[in-house]
Amino acid sequence: MKIAVLPGDGIGPEIIAEAVKVLKALALPLEMETAPVGGAAYEAAGHPLPEATLRLAQQADAVLFGAVGDWKYDTLPRPLRPEQAILGLRQALGLFANFRPAICYPQLTHASSLKPELVAGLDILIIRELTGDIYFGQPRGRRRAPDGPFAGAEEAFDTMRYSRPEIERIARVAFEAARQRRRKVTSVDKANVLETSQLWKDVVAEVHRDYPDVELEHMYVDNAAMQLVKAPKKFDVLVTGNMFGDILSDEAAMLTGSIGMLPSASLNERGQGLYEPSHGSAPDIAGKGVANPLATILSAAMMLRFSLKQPEAAARIEAAVQTVLADGLRTADIASDGCTVVGTAAMGDAVVRALG
Ligand code: NAD
């Protein structure tokens, strides 16, 4: 099992070191090779995604990614900015399905801005389509408005589009994922207004015929945004397009209040995946040894489950994280009264010990 390890910038190297420590402690036949990405790669090789890094990622079964970006690169031309590395990897690997679980651990309910009873025990999964929709549809551009009340004025336009096969494959991913969970899928669209969404809704309903054991509900995106803060626990798997998913997955992440706890995965049709924490490179705390490594450690668990087909090892890591939290250990971002505040490396060590 080959893993490309791409630590990146800011806190990336610190949190990745802890995830690698945990993976090594599992004593599985894992082959890990590290390469620079993002700002670190720009410094070393003049490009955020050098050819050698891309090749390593393509040849691996999975990519474990830290985070990229720093304000000091904000003045670089867009193609050389660290964030371009993620877009380049998504495109080159054909990563079309983005998994963003939002889990609220019982010990951390205080971190949420919602009432504890609304989020205690929350465990939902947002699946976002990553390669289509208004972000990539053509044509797009600027022009003079050809008609209407503002004819002749400057206007900009984008194209929202989805094809049947793109919707089918993400719908299948969602139903399969629901089968491993509580067997309920909520498909989110805006079919009352958008033709793209009507096709989305029709195709998801057709694919559902192959999954009679999974419950399907359709929900408009405005209602989904409301329900996520009103009664988030009634969801299991949400599946949606690129733009709605972009917004709803960040909303769901915030329900837990602990960005340092949330893993994510992006998968392609061959089951290859890129696994990374949901947070960024946190330049404000980089190098201080205080970053929370748990989102990255939990991303490594997702990698074991989805790309490396090692569900027992994944469950061991997840249980170890629960144990560490139950023992009262916290990094500064999730600290509360009566807990023991530890740094990045001590948290990684504690997870290793809790693996048993
Ligand atoms: P961020 O997620 O890096 O940080 C937001 C806040 O959360 C900061 O206060 C930070 O200290 C805190 N935080 C984040 N992760 C933490 C952790 N593991 N432990 C403790 N605290 C943590 O978002 P930002 O500040 O908006 O962006 C910083 C840089 O990261 C930017 O250059 C941005 O482009 C980049 N970014 C990268 C990714 C990625 O690599 N996938 C995603 C988002 C942002």
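A residue is counted as near a molecule when one of its heavy atoms lies within 4 Å of that molecule. This report applies that criterion to the ligand of a predicted model, and then turns to salt bridges and to two individual residues.

**The surroundings of the ligand**

There are 19 residues around the ligand, and those that come nearest are Val68, Glu83, Gly280, Ala282 and Asn292. By character, the residues of this shell divide into eight nonpolar, six polar and five charged.

Polar side-chain atoms of Glu83, His279 and Ser281 approach the ligand. For Glu83, the distance to an oxygen atom of the ligand is 2.5 Å. His279 has a polar side-chain atom 3.1 Å from a nitrogen atom of the ligand, while a polar side-chain atom of Ser281 lies 3.1 Å from an oxygen atom of the ligand. On its own, the ligand has 810 Å² of accessible area, of which the protein covers 69%.

**Salt bridges**

How many salt bridges does a search of the whole structure find? The search yields 20. Three pairs are listed below, each with its N to O distance.

| Acidic residue | Basic residue | Distance, N to O |
|---|---|---|
| Asp158 | Arg140 | 3.6 Å |
| Glu206 | Arg164 | 2.7 Å |
| Asp222 | Lys190 | 3.1 Å |

The side chains of Arg140 and Asp158 meet in a salt bridge. Arg140 belongs to the loop between β5 (123–129) and β6 (141–144), and Asp158 to the loop between β7 (154–157) and α6 (164–179), so this pair ties together parts that are 18 residues apart in sequence. Arg140 counts as partly exposed because its relative accessibility of 38% falls between the limits of 20% and 50%. Asp158 is likewise partly exposed, with a relative accessible area of 44%.

In the second pair, the side chain of Glu206 meets that of Arg164. This salt bridge links distant parts of the chain, with Glu206 in helix α7 (residues 195–208) and Arg164 in helix α6, 42 residues apart. Glu206 is partly exposed at a relative accessible area of 30%, and Arg164 is partly exposed at 35%.

The third pair consists of Asp222 and Lys190. Because Asp222 lies in helix α8 (residues 221–230) and Lys190 in the loop between β8 (184–189) and α7, their salt bridge ties together parts that are 32 residues apart in sequence. Asp222 is partly exposed, its relative accessible area being 41%.

Salt bridges may also be joined into a network: Asp123, Arg181, Arg182 and Asp236 are linked in this way.

**Ser278 and its contacts**

Where is Ser278 found? Ser278 is placed in the loop between β12 (273–277) and α10 (294–306). Its side chain is joined to that of Arg100 by a polar contact of 3.4 Å. When residues up to four places away in sequence are not counted, Ser278 touches Arg100, Ile259, Leu262, Pro263 and Ser264.

**Ala313 in helix α11**

Ala313 is part of helix α11, which covers residues 311–326. Is Ala313 buried or exposed? Ala313 is buried because its relative accessible area is 8%, and buried means under 20%. Leaving aside residues up to four places away in sequence, Ala313 touches Leu26, Leu28 and Leu304. Between Ala313 and Val351 there is a separation of 38 residues in sequence and of 13 Å in space, taken from C-alpha to C-alpha.

Notes
Residues numbered from 1 in each chain as written. Predicted model: local features only at pLDDT ≥ 70, side-chain atom pairs only at ≥ 80, totals over all residues. Heavy atoms only, no water. Helix = DSSP H or I, 4+ residues; strand = E, 2+ residues; numbered from the N terminus. Buried < 20%, exposed > 50% of the residue type's maximum accessible area, 1.4 Å probe, protein only. Contact = heavy atoms within 4.5 Å. Polar contact = N/O pair within 3.5 Å; in protein donor to acceptor, adjacent residues only side chain to side chain. Areas by Shrake-Rupley, 256 points an atom, 1.4 Å probe, with all protein chains shown as cover. Nonpolar A, V, L, I, M, F, W, Y, C, P; charged D, E, K, R; others polar. Salt bridge = Lys/Arg side-chain N within 4 Å of Asp/Glu carboxyl O.
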